[in-house]
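Work through the exercises below with the structure open. Each task is followed by a solution in steps.

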Amino acid sequence: MEVFYYLVFGVMAAVVAALELSKTNKDRINTSSSFNSFKNNYLLVFSIMMAGDWLQGPYVYYLYSTYGFGKGDIGQLFIAGFGSSMLFGTIVGSLADKQGRKRACVTYCIVYILSCITKHSPQYKVLMVGRILGGIATSLLFSAFESWLIAEHNKRNFEQQWLSLTFSKAVFLGNGLVAILSGLFGNLLVDTFSFGPVAPFDAAACFLAIGMAIILGTWSENFGDPSDSKDLLTQFKVAAIAIASDEKIALLGAIQSLFEASMYTFVFLWTPALSPNDEEIPHGFVFATFMLASMLGSSLAARLMSRSSLRVENYMQIVFLVSAASLLLPITTSVLVTPSKVKDEGLSLNSSIQLLGFCVFESCVGIFWPSIMKMRSQYIPEEARSTIMNFFRVPLNIFVCIVLYNVDAFPITIMFGMCSIFLFVASILQRRLMVISEKPKAEDWSPMKERNSEVDPLTL
């Protein structure tokens with residue numbers, strides 16, 4: 001393998017280690033023992049849940065191809081997953097608010113385990129059902145757990161600033177360390193022990209079952225609005241009213257959709273960008289490097305959010321601008337450096353520059369996750385938290401489905417340019433959010449809710 005890969009990985013690992021080991025009291029938040037116990041329990045469960053998700057990711061496409069399906073059929077399976085998340089996400093989000101977040105987290109485990117079981121069948125229809133179940137599970141993973149955490153944190157009267165600590169640690173572990181270990185474990189099962197491409201899915205199901213047992217044994221239940229027996233349609237209306245009547249919520253949803261749309265598009269594009277002539281690249285090693293970069297970002301976010309004088313809304317503008325510039329690199333390198341049309345034996349200059357830029361983007365992703373969680377905890381009303389969070393994912397899933405359907409229709413530089421524009425727009429919206437969030441708060445959710453309750457939402 002190229003020395004350059006080892007060098008980038010080593011530098012990234014050294015920086016992450018230095019950031020973690022050099023933390024001073026100024027960078028740390030003093031917390032209580034009861035909070036630490038609560039935080040560690042959540043981090044354990046969330047890390048196990050993310051292990052169940054990360055174990056599957058690298059092998060989904062590979063498994064389908066071993067069953068003999070072509071690119072078109074596999075593309076339809078992926079579209080089914082994102083489409084399912086879009087169609088059913090708001091429903092499961094509302095059910096989480098109405099029936100309980102703990103139940104929703106347990107449902108995530110059950111649904112994802114069933115999705116893993118379907119991977120044993122080479123039948124296209126069975127695999128399609130599995131993708132639909134996986135889409136539902138993804139919606140629950142990115143809404144129910146966070147909603148439960150915030151509600152439980154507030155119910156136990158912990159300080160609000162402590163939430164940022166849990167968020168940053170969750171991203172550091174779940175989207176960083178656990179992702180790397182899951183990739184290595186999956187590689188061990190498939191390549192070293194030769195258990196076959198379905199083995200990581202079986203391992204994921206085991207992790208999910210363990211996590212579900214911990215949830216059932218240690219978590220208490222919480223709800224969005226237990227005193228209000230709304231049906232699902234009414235709940236959708238109330239969530240829509242909240243988004244439409246509060247500019248901060250609407251801006252937050254737009255920012256999240258723009259960034260995540262760029263992030264998921266990047267997932268599809270980084271491989272052809274680094275190997276334009278089908279060069280052999282160590283996908284697993286590059287993926288591990290990206291996850292290290294994400295850990296670096298979450299470590300930086302922890303430091304930033306530990307400073308009460310620094311607001312998330314301020315520094316996220318810079319993060320979006322840096323991420324926009326990093327995804328412009330494939331375009332700028334293609335203009336400044338003449339791309340080779342011949343398959344290189346080693347890593348080309350273009351690819352080397354782009355790899356560094358992609359690591360910068362992944363670092364921005366690591367900052368983004370805990371920061372957006374922090375802003376969601378501040379602006380999204382508790383009564384419909386899961387519902388609104390899944391509303392935010394609807395435009396994201398629509399966009400990803402369109403990209404998947406037309407992935408071969410546009411040059412890769414056009415796709416990266418589009419992502420860069422999205423991120424630049426996100427920085428503009430973030431500045432607007434910063435400006436209006438600094439204004440005195442004229443009204444909160446409760447009075448608005450009381451006004452809305454005087455009028456049946458179904459008549460609006």
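**Exercise 1. Confidence**

Task: In this predicted model, find in which helix confidence is lowest and in which it is highest.

Solution.
- Confidence is lowest in helix α18 (residues 445–454), where the mean is 44. At the other end is helix α9 (residues 199–218), at 97.
- For the chain, the mean pLDDT is 86, and 90% of the residues reach 70 or more.
- Over residues 442–460, pLDDT stays under 50. For this stretch the model has 22 contacts beyond four places in sequence.
- Where pLDDT is low, the predicted coordinates should not be read in detail.

**Exercise 2. Domains**

Task: State how the chain is divided and describe what lies between domain 1 and domain 2.

Solution.
- Domain 1 covers 39–222, and domain 2 covers 230–336 + 349–438.
- Their C-alpha centres are 20 Å apart.
- On the domain 1 side 40 residues are in contact with 45 residues of domain 2.
- About 3700 Å² is buried between domain 1 and domain 2. Carbon and sulfur atoms give 67% of this area.
- Two salt bridges are counted between domain 1 and domain 2.

**Exercise 3. The largest nonpolar core**

Task: Which residues of the largest nonpolar core touch the most other members, and which helix gives the largest share of this core?

Solution.
- The core has 139 residues, and those touching the most other members are Met49, Tyr108, Phe145, Phe290, Met316, Phe358 and Ile388.
- Helix α11 (residues 247–274) contributes the largest share of the core, 14 residues.
- Domain 1 and domain 2 each supply at least three residues to this core.
- Take Phe358 as an example. Leaving out residues up to four places away in sequence, Phe358 touches Phe266, Trp270, Ala273, Leu274, Phe290, Leu327, Pro330 and Phe416.

**Exercise 4. Two salt bridges across the sequence**

Task: Locate the partners of the Glu221–Arg103 pair and of the Glu146–Arg376 pair, and decide whether Glu146 and Arg376 are buried or exposed.

Solution.
- Side chains of opposite charge can pair when their charged atoms come close. The structure holds 13 salt bridges.
- Glu221 and Arg103 form one salt bridge, at 3.7 Å from N to O. Glu221 is in the loop between α9 and α10 (232–245), and Arg103 is in helix α5 (residues 101–118), so the pair links parts of the chain 118 residues apart.
- Glu221 has a relative accessible area of 22% and is therefore partly exposed. Arg103, at 48%, is also partly exposed.
- Glu146 and Arg376 form a salt bridge at 2.4 Å, N to O. Here helix α7 (residues 144–155) carries Glu146 and helix α15 (residues 349–379) carries Arg376, and the two residues are 230 residues apart.
- Both Glu146 and Arg376 are buried.

**Exercise 5. A network**

Task: Which residues are linked with Glu382 in a network of salt bridges, and how do Glu382 and Arg385 classify by accessibility?

Solution.
- The closest N and O atoms of Glu382 and Arg385 are 3.1 Å apart, in a salt bridge.
- The network links Asp97, Arg101, Glu382 and Arg385.
- The cut-off for buried is under 20% relative accessible area. Glu382 has 21%, so Glu382 is partly exposed. Arg385 has 2% and is therefore buried.

Technical notes. Residues numbered from 1 in each chain as written. Predicted model: local features only at pLDDT ≥ 70, side-chain atom pairs only at ≥ 80, totals over all residues. Heavy atoms only, no water. Core = buried A, V, L, I, M, F, W, Y, C linked by side-chain atoms within 4.5 Å. Buried < 20%, exposed > 50% of the residue type's maximum accessible area, 1.4 Å probe, protein only. Helix = DSSP H or I, 4+ residues; strand = E, 2+ residues; numbered from the N terminus. Domains from an automatic or database assignment. Contact = heavy atoms within 4.5 Å. pLDDT = per-residue confidence, 0-100. Salt bridge = Lys/Arg side-chain N within 4 Å of Asp/Glu carboxyl O. Buried area = accessible area lost by both parts, 1.4 Å probe.
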